[in-house]
Amino acid sequence: MSAITTPFGFASTASEVVSGIDLTGRCAVVTGASSGIGAETARALAATGAAVTLAVRDVTAGERVAKDITQSTGNQNVQAVHLDLTDPASITDFTAAWRGPLHILVNNAGVMACPEQYTEQGWEWQFATNHLGHFALATGLHDALAADGNARIVVVSSTGHQQSPIVWDDVNFAFRPYDPWLAYGQSKTANVLFAVEATRRWADDNITANALMPGAIYTNLQRHTGGRGSGRVPAELIKTVEQGAATSALLAASPLLEGVGGRYFIDCNETEIVDRRSGTLHGVARYALDPACARRLWDLSQDLLADAA
């Protein structure tokens, strides 16, 4: 299976990768779209003519961004709707209220390296936000995604997944000392595994899912790390927000990705599989693409949500 390559790269912007694409009549949901690369991904999709829903915790901020996107693109079909990924009831409300087909779901929202914290269900905060909430959202929207065929799910992961595989016996740090970067890494591995299994499991529905590393971008994601992420990325590898949203926009909208799923991208191209931490922003750990692990995570996620119901 050859790697997917495109004409775009590190410096490409979200607006460049969707230039000339017409998604009029299609619907998209972007989580965490009240700021950062989520907002720019939503802007790029709105520019194609798609109806875009910003799924956000802070509806006031989301409405502000929706208005700005409408002004910059001329697209009147942009709205903000409340969604809290750490609250199963909020996710149920969102999915139950959805009407009609859904063509694009961008699982963009996330937290990084936050202090030790748990949901009411006892789920570790990063695993709950970055993976489990998005899992519940996607499965809750499955019928809408399947309705028209050829739907796409885009999952924002990170090179941080190389920090940790899924620790099956202690996903929620009940026994291990909590480490914010290991927790982040585990949740980002879960993002990739979700894309693998969703593509396999929903193949008959023509739903594809791909994961990506957006690059190093200074956004609100770094609020727990002093505003500079890990602090280990050279200045020349830092992207603008518009560049950081490019790979998400490409996977969501480009005809170059038609029928492609279960893969991991960075800088608008599929990256190589690695068996050791690469020391760069590129590379996807082999364990993050393992089909058996992907199926196991799906089952675990279903069990956790069922126990909370």
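Modeller: A salt bridge is a side-chain nitrogen of Lys or Arg within 4 Å of a carboxyl oxygen of Asp or Glu. Mind that this is a predicted model: local features need pLDDT of at least 70, side-chain atom pairs count only at pLDDT 80 or more, and totals for chains, interfaces and linings use all residues. Residues are numbered from 1 along each chain as its sequence is written, while side-chain values use heavy atoms and leave out hydrogens and water.

Biologist: Okay, what makes D68 and R43 a salt bridge?

Modeller: Their closest N and O atoms are 2.8 Å apart, and the limit is 4 Å, so the pair qualifies. D68 sits in helix α3 (residues 59-73) and R43 in helix α2, so the bridge ties together parts 25 residues apart in sequence. Helices here are DSSP runs of H or I with at least four residues, strands are runs of E with at least two, and both are numbered from the N terminus.

Biologist: Why is R43 called buried, and why does D68 count as partly exposed?

Modeller: It's all relative accessible area: under 20% is buried, over 50% is exposed, and partly exposed is in between (1.4 Å probe, protein chains only). R43 has 19%, so it goes down as buried. D68 has 35%, so it lands in the middle class.

Biologist: How do you know that α2 is mostly covered?

Modeller: Ten of its twelve residues are buried, among them I37, E40, R43 and L45. Just past the end of α2, G49 takes a positive phi of about 100°.

Biologist: And how do you know that the length of helix α2 agrees with what it should span?

Modeller: The expected span is 1.5 Å times one less than the number of residues. For the twelve residues of α2 (36-47) that gives 16 Å, and the end C-alpha atoms are 17 Å apart, which agrees.

Biologist: How many salt bridges does the whole structure hold?

Modeller: The search finds nine. One of them joins D170 and R176, at 3.4 Å from N to O. D170 has 6% relative accessibility, so it is buried.

Biologist: What makes the side chains of R200 and E197 a salt bridge?

Modeller: They meet at 2.6 Å, N to O. Both lie in helix α7 (residues 180-201), three residues apart, about one turn. An α-helix has 3.6 residues a turn, so residues three or four places apart point the same way. E197 is buried at 1%, whereas R200, at 44%, is partly exposed. Elsewhere, shared partners link E40, R43 and D68 into one salt-bridge network.

Biologist: Over to the sheet. Why are β3 and β10 said to stand at the edges?

Modeller: Two strands pair if DSSP finds at least two bridges between them. The open sheet has eight strands in the order β3-β2-β1-β4-β5-β6-β9-β10, with mixed pairing. β3 (78-82) and β10 (269-270) each have a single partner strand, so one side of each lacks a neighbour in the sheet.

Biologist: How do you know that β2 is joined to β3?

Modeller: Five bridges connect β2 (residues 51-56) and β3, and the two run parallel. For instance, A55 has V81 of β3 as its bridge partner. Further in, β1 and β4 pair in parallel over three bridges, with V30 matched to V106 of β4. β4 and β5 run parallel too, joined by four bridges, and I104 stands opposite R152 in β5.

Biologist: What makes the R152–E258 pair a polar contact?

Modeller: The term needs a pair of N or O atoms within 3.5 Å; within protein, one must be able to donate a hydrogen and the other to accept it, and sequence-adjacent residues count only if both atoms are side-chain atoms. R152 and E258 meet through their side chains at 3.3 Å. R152 has a relative accessible area of 8%, so it is buried.

Biologist: Which residues does L237 contact, leaving aside neighbours within four places in sequence?

Modeller: Contact means heavy atoms within 4.5 Å, and that picks out F10, A216 and L281. L237 lies in the loop between β7 (216-217) and β8 (238-239), and its 33% relative accessibility makes it partly exposed.
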